[in-house]
Every structure is written in C-alpha cells, then in structure tokens.
Amino acid sequence: MDYREIFMHRGKAYHNAMLRQPSARDHEFERLFDACRPTAGQHLLDFPSGGGYLQRHLAAGVTVTNLELSSGFDTGVPVCDAAAGPHSGPFDHIVCLAALHHIDDQAGFLERLLGQLRPGGTLHVGDVAAGSRIDAFLDGFIGRYNQTGHQGSYLRNDPAWFERIGRVTRIGELSCPWVFESEAQMLDFCNDLFGLVDCPRQALRDALSSHVGFHRQGSQILLEWRLLYADLQT
Ligand SMILES: C[S@@+](CC[C@H](N)C(=O)[O-])C[C@H]1O[C@@H](n2cnc3c(N)ncnc32)[C@H](O)[C@@H]1O
C-alpha cells in the first residue's frame, strides 16, 4: 500500500484523535518555529497538513494554506500530488511535519517546496530521526498492529544531506513531548492516531513505555516524543 492508500484507511481515525486532544502535540508543532517564527502579515503553507492542525499555533494575522496528499482525512483540505507539489506560492514559511518519511523522492520533494518560498523564506521540516527509539517503535510495534503496516524512510541527522538541498539554518533532534491528562487518554490518542486495530491496551502501554518512554509530571503524562527538526532556506 502506498501512503495515499494508507491515509485513505487511517485518515479519519487520525483526525478524530487530533480533534479529541488538540493540545497533545503542542510542543511538536511549536518547536517548528524555535528559530524563526511566522509573524503577522506572512503567508505559510502547511504541506501535508492533515486536517489543518497547525493554525492554532500561529499568531493572529498569519495566513495559512493547508494542502494534503491524501483525501482520507475527509476535512475538505485540498489535495495535490507529491510529484507535482504545490503551485500556489510564494510563501514566507512552509511546514512539512511528520510526513517526509512517507515520501519516495525526499530530496526532490524538499527542492520543490524550497522553490515555492519567497526570498528569505524558511522551510521547516520535522520528522522522526533514523535509528531513533521512535523509528523502531513505528516500524516495529505500530507496523504490527495497524491495518496498513508502517515502513518509513526516516531522516538521518546529517547536515550534509540537507545542505545539498538548501541552506541549513538550524538542525537538531529535539524533545517535543506529547502531553496528556491521563494514561487512558494517551492510550486512546495513540490507538487512533496510529490506526491500531485489535491492539490490547496493555501491549500498547508496554510498547510506549519500553520504546518511547513516558513519565508523570505533576498531573500530566508526558510521552517522550522526539523529532529531527531542520530549517532550510534557498
Ligand atoms: C502523520 S501524518 C502528518 C500530518 C500533519 N502534518 C500532522 O503533523 O499531523 C502523515 C502525512 O503524510 C502524508 N503523506 C506522506 N506521503 C504521502 C504519500 N506518498 N501519499 C499520500 N500521502 C502522503 C499523509 O497524507 C499525511 O498527511
């Protein structure tokens, strides 16, 4: 199954998880802009955007264009083909979050995105790092329990690879914990976001504990999510 087909199956459950817990991934979205924050009057493309989850992390006055690669989220976000890419630029910022590991020609995809930036604009990429605990969790445990399997081409923390595509203005693997009010909420969210089917809750809890790690902080549960973040300019 390619990723367009995969998200035809998983998109609705993913979207429901994001609607039920809209703040769970706040740190993951906010880290995108650690080094360069969109400001009022700027235009940002979120691609692929899922159901348009980035908007709530942006300042008033930032205009967002959401674009998807799959119609499976069923949210009315326009869909385009990865090979064609977006043509509605130029943008001041482009975000590509948690998606590049499903793209075949990653360098070509990023080059097409850079081509849609205004001079001085920034492409913000966030994705699972190759060889990380989360890489093993997704392709191991998650691939076993979702209907579609999971086999990602994860990004290496390799500045030279990114430098061949654009000018790297920051790169690093960073902590961006997912935050929940309870373990039960974390298990529900992960079950739906990852499209798990007939996965025993204890098995999911054990896998999150041993592969990703989670801990209690005050009244909250923090799932120790980490991504590789890179900012590129032309
Ligand atoms: C984990 S979701 C991330 C969505 C959103 N950026 C977020 O952070 O919630 C993965 C995304 O990759 C997209 N995707 C990546 N490669 C794709 C491909 N080859 N065909 C179709 N969709 C693809 C899916 O449509 C989906 O939006």
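Two residues are in contact if their C-beta atoms, placed from the backbone, lie within 7 Å. Keep that cut-off in mind as you work through these exercises on a predicted model.

**Exercise 1. Work out which residues of helix α6 are buried, and what they pack against.**

Step 1. Find α6, which covers residues 183–193.

Step 2. Pick out its buried residues: Met 186, Phe 189, Cys 190, Asp 192 and Leu 193.

Step 3. Now look for their neighbours. These buried residues pack against α1, α7 (201–212) and the strands β6, β7 and β8.

Step 4. Look just past the end of the helix, where Gly 195 has a positive phi of about 65°.

**Exercise 2. Decide how helices α1 and α6 are oriented towards each other, and say which residues make the contact.**

Step 1. Start with the geometry: the axes of α1 and α6 are 7 Å apart and make an angle of about 150°.

Step 2. Compare with the cut-off: angles over 145 degrees count as roughly antiparallel. Therefore α1 is roughly antiparallel to α6.

Step 3. List the two sides. Helix α1 brings Ala 13, Tyr 14, Asn 16 and Ala 17, while α6 brings Phe 189, Asp 192 and Leu 193.

Step 4. Sort this contact by class: it has five nonpolar residues, one polar and one charged. Notice that Phe 189, Asp 192 and Leu 193 also appeared among the buried residues of α6.

**Exercise 3. Trace the open sheet of six strands and find its edges.**

Step 1. Write down the strand order, β2-β1-β3-β4-β9-β5, and note that the pairing is mixed.

Step 2. Find the strands that pair on one side only: these edge strands are β2 and β5 (167–175). From one strand to the next, the twist averages 15°.

Step 3. See what lies on the sheet. Helix α3 (residues 106–114) packs there and touches β3, β4 (117–127) and β9, and its direction makes about 145° with that of β4.

Step 4. Check the parallel pairs. Strand β1 (residues 43–46) is joined to β2 (residues 63–66) by four bridges, with Leu 45 partnered by Thr 65 of β2. Strand β1 also pairs in the parallel sense with β3 (residues 91–97), over three bridges; here Leu 44 has His 93 as its partner.

Step 5. Check an antiparallel pair. Eight bridges hold β5 and β9 (residues 226–233) together in that sense, and Val 168 is matched with Leu 232 of β9.

**Exercise 4. Do the same for the open sheet of three strands.**

Step 1. The order is β6-β8-β7, with antiparallel pairing.

Step 2. The edges are β6 (178–180) and β7 (214–217), each pairing on one side only. Direction ignored, neighbouring strands are turned by 25° against each other on average.

Step 3. Zoom in on one pair: β7 and β8 (residues 220–223) share four bridges, and the partner of Gln 217 in β8 is Gln 220.

**Exercise 5. Describe the shell of residues around the ligand.**

Step 1. Count the shell: there are 17 residues around the ligand, of which Tyr 3, Gly 50, Leu 69, Ala 99 and His 102 come nearest.

Step 2. Sort the shell by class: 10 residues are nonpolar, four are polar and three are charged.

Step 3. Ask which element gives the most. The solution is helix α1 (residues 3–20), with three residues. You have met α1 already, as the packing partner of α6.

Notes. Residues are numbered from 1 along each chain as its sequence is written. This is a predicted model: local features need pLDDT of at least 70, side-chain atom pairs count only at pLDDT 80 or more; totals for chains, interfaces and linings use all residues. A residue is near a molecule or strand if its C-beta atom, placed from the backbone, lies within 6 Å of it. Helices (H or I, at least four residues) and strands (E, at least two) are DSSP runs, numbered from the N terminus. Ala, Val, Leu, Ile, Met, Phe, Trp, Tyr, Cys and Pro count as nonpolar, Asp, Glu, Lys and Arg as charged, and the others, Gly among them, as polar. Two strands pair if DSSP finds at least two bridges between them. Axes are lines fitted to C-alpha atoms, for helices over the stretch in contact, and angles run from 0 to 180 degrees between N-to-C directions. Angles under 35 degrees count as roughly parallel, over 145 as roughly antiparallel, 65 to 115 as roughly perpendicular and the rest as oblique. A residue is buried if 20 or more other C-beta atoms lie within 10 Å of its own, exposed if 12 or fewer, and partly exposed in between; C-beta atoms are placed from the backbone.
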